[in-house]
Amino acid sequence: MPPQVARQASGAFIVSPGLGWQIIAMEHMRVSRRTALLTAGGLLMGGKGFAAAEPFDAWLAGLRAEARAQGISAETVRTALAALRPNPRVLELDRRQPERTLTWAEYRARIVAEPRIVQGRRAISDNRELLQAVEARFGVAAAVMSAIWGIESNYGTTLGSFPVVQSLATLAYDGRRATFFRSELINALRILDQGHIGLAQMTGSWAGAMGQPQFMPSSFLAYAVDFDRDGRRDIWHSRADTLASIGNYLARAQWRAGEGWGFAVRLPAGFDARLADGRSVRPLSAWSALGVKRHDGSALPASSVQAAIAAPDGPGGEAFALFSNAQAIRRYNNSTYYVLAVGLLSDLIAS
Ligand SMILES: [Ca+2]
């Protein structure tokens with residue numbers, strides 16, 4: 001599992017006009033990415049040059065030696081790192097400042113939008129047998145796996161076209177988060193070395209999130225599954241491998257089979273907003289005693305089940321009760337917005 005990182009009440013989301021529907025969220029990344037981002041504060045070098053002082057060719061020679069020392073084959077090191085140059089576009093994207101922070105209501109309107117709901121229903125009906133098989137193996141609800149698939153890559157249609165090795169090398173050479181991205185670069189070389197994907201097909205986001213589930217290379221090595229049993233874990237082309245990899249990730253994040261993620265609630269007037277942080281848990285009966293009701297105004301179940309309350313837009317905005325499985329979704333992406341979007345989309349495409 002990636003390390004847990006410090007809480008952040010709401011994410012800083014970058015609205016990127018160049019990427020169509022996509023919203024690049026500072027929190028909308030793997031937890032390990034978050035860790036890297038959090039350690040990057042204040043280290044920005046002035047100007048648009050690289051933070052690294054070492055010439056790229058010298059840096060690359062050192063990387064080749066390290067990759068060989070870590071057991072990557074000479075052939076993979078030679079081919080994957082041949083004619084490699086940094087990608088200025090990756091640095092440019094990495095150094096953007098947020099234009100503004102999205103509210104939860106704005107994020108929800110963009111991510112849990114009608115086209116993605118319609119496509120999700122079709123994805124479930126087109127892949128019914130496969131989803132049933134993956135659910136039987138990993139115990140994760142088909143609609144939740146589909147919702148993550150839909151949010152990460154629009155059900156496998158928007159994978160990102162950046163060459164992963166070049167992106168990771170660019171970010172590893174740039175000095176600000178060198179350790180994290182250098183490690184991910186070695187992991188990417190290991191994936192190539194194991195033959196899961198060819199170099200030209202190993203594409204992803206500008207930051208190296210790969211394939212239909214948008215796994216960083218470390219997540220690939222830890223969680224990707226060869227569900228169609230062709231000998232390769234192919235999260236770029238295989239729906240079976242993609243959905244099983246998402247299912248395996250959530251199962252390893254302590255997903256509880258047969259349980260939901262949460263539901264909408266109504267908070268009483270004067271409710272202490274600090275309690276609605278999306279993480280601090282109490283029994284449903286304790287929330288009920290504080291005046292929390294179901295969204296339709298009926299009482300919460302008189303239950304000892306632990307739940308957190310999330311009200312990301314504060315008083316007057318939407319509020320939700322979150323159960324243990326919401327925290328499993330959070331391990332996929334450490335953002336309350338993301339957790340809520342996955343949960344709501346899963347409900348909508350299952351209905
Ligand atoms: Ca496979």
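1. Let's start with the core. The largest nonpolar core holds 98 residues, and the ones touching the most other members are Met145, Ile309, Leu322, Ala341 and Val342. Helix α15 gives the most to this core, nine residues. Keep in mind throughout that this is a predicted model.

2. Met145 leads us to helix α8, where it is one of the buried residues. How many of α8's residues are buried? The count is 12 of 12, so to speak a helix that is mostly covered. Besides Met145, the buried list includes Val144, Ile148, Trp149 and Ile151, and also Ser146, Glu152 and Ser153.

3. What does the covering? The elements over the buried residues of α8 include α5 (104–111), α6 (114–126), α7 (128–138), α12 (239–252), α14 (324–332) and α15 (336–350). Note that α15 turns up here and also as the top giver to the core.

4. A quick check on the geometry of α8: this helix covers residues 142–153, and at 1.5 Å a residue its 12 residues should span 16 Å. The C-alpha atoms at its ends are 16 Å apart, so the expectation and the model agree. Just after α8 comes Asn154, with a positive phi of about 50°.

5. Now for the sheet. Five strands make an open sheet in the order β6-β8-β9-β5-β7, and the pairing is antiparallel. Which strands stand at the edges? They are β6 (277–283) and β7; each has a single partner strand, so one side of each is left without a neighbour in the sheet. As a general reminder, strands of a sheet pair through backbone hydrogen bonds.

6. Going through the pairs, β6 is joined to β8 (residues 306–310) by four bridges, running antiparallel, and Asp277 has Ala310 as its bridge partner in β8. Four bridges also join β5 (residues 262–266) to β9 (residues 319–322), again antiparallel; here Phe263 sits opposite Ala321 of β9. At the β7 edge, β5 pairs with β7 (residues 293–294) over two bridges in the antiparallel sense, with Lys293 of β7 as the bridge partner of Arg266.

7. Last, a closer look at Leu322, another of the core residues touching the most other members. Which residues is Leu322 in contact with, leaving aside neighbours within four places in sequence? The answer is Trp261, Gly262, Gly278, Ala307, Ala308, Ala310 and Val339. If you have the model open, try Leu322 alongside Ala310, which is also the β8 partner of Asp277.

Definitions and conventions:
Residues numbered from 1 in each chain as written. Predicted model: local features only at pLDDT ≥ 70, side-chain atom pairs only at ≥ 80, totals over all residues. Expected span 1.5 Å × (residues − 1). Buried ≥ 20, exposed ≤ 12 C-beta atoms within 10 Å, placed from the backbone. Contact = placed C-beta atoms within 7 Å. Core = buried A, V, L, I, M, F, W, Y, C linked by C-beta atoms within 7 Å. Pairing = 2+ DSSP bridges.
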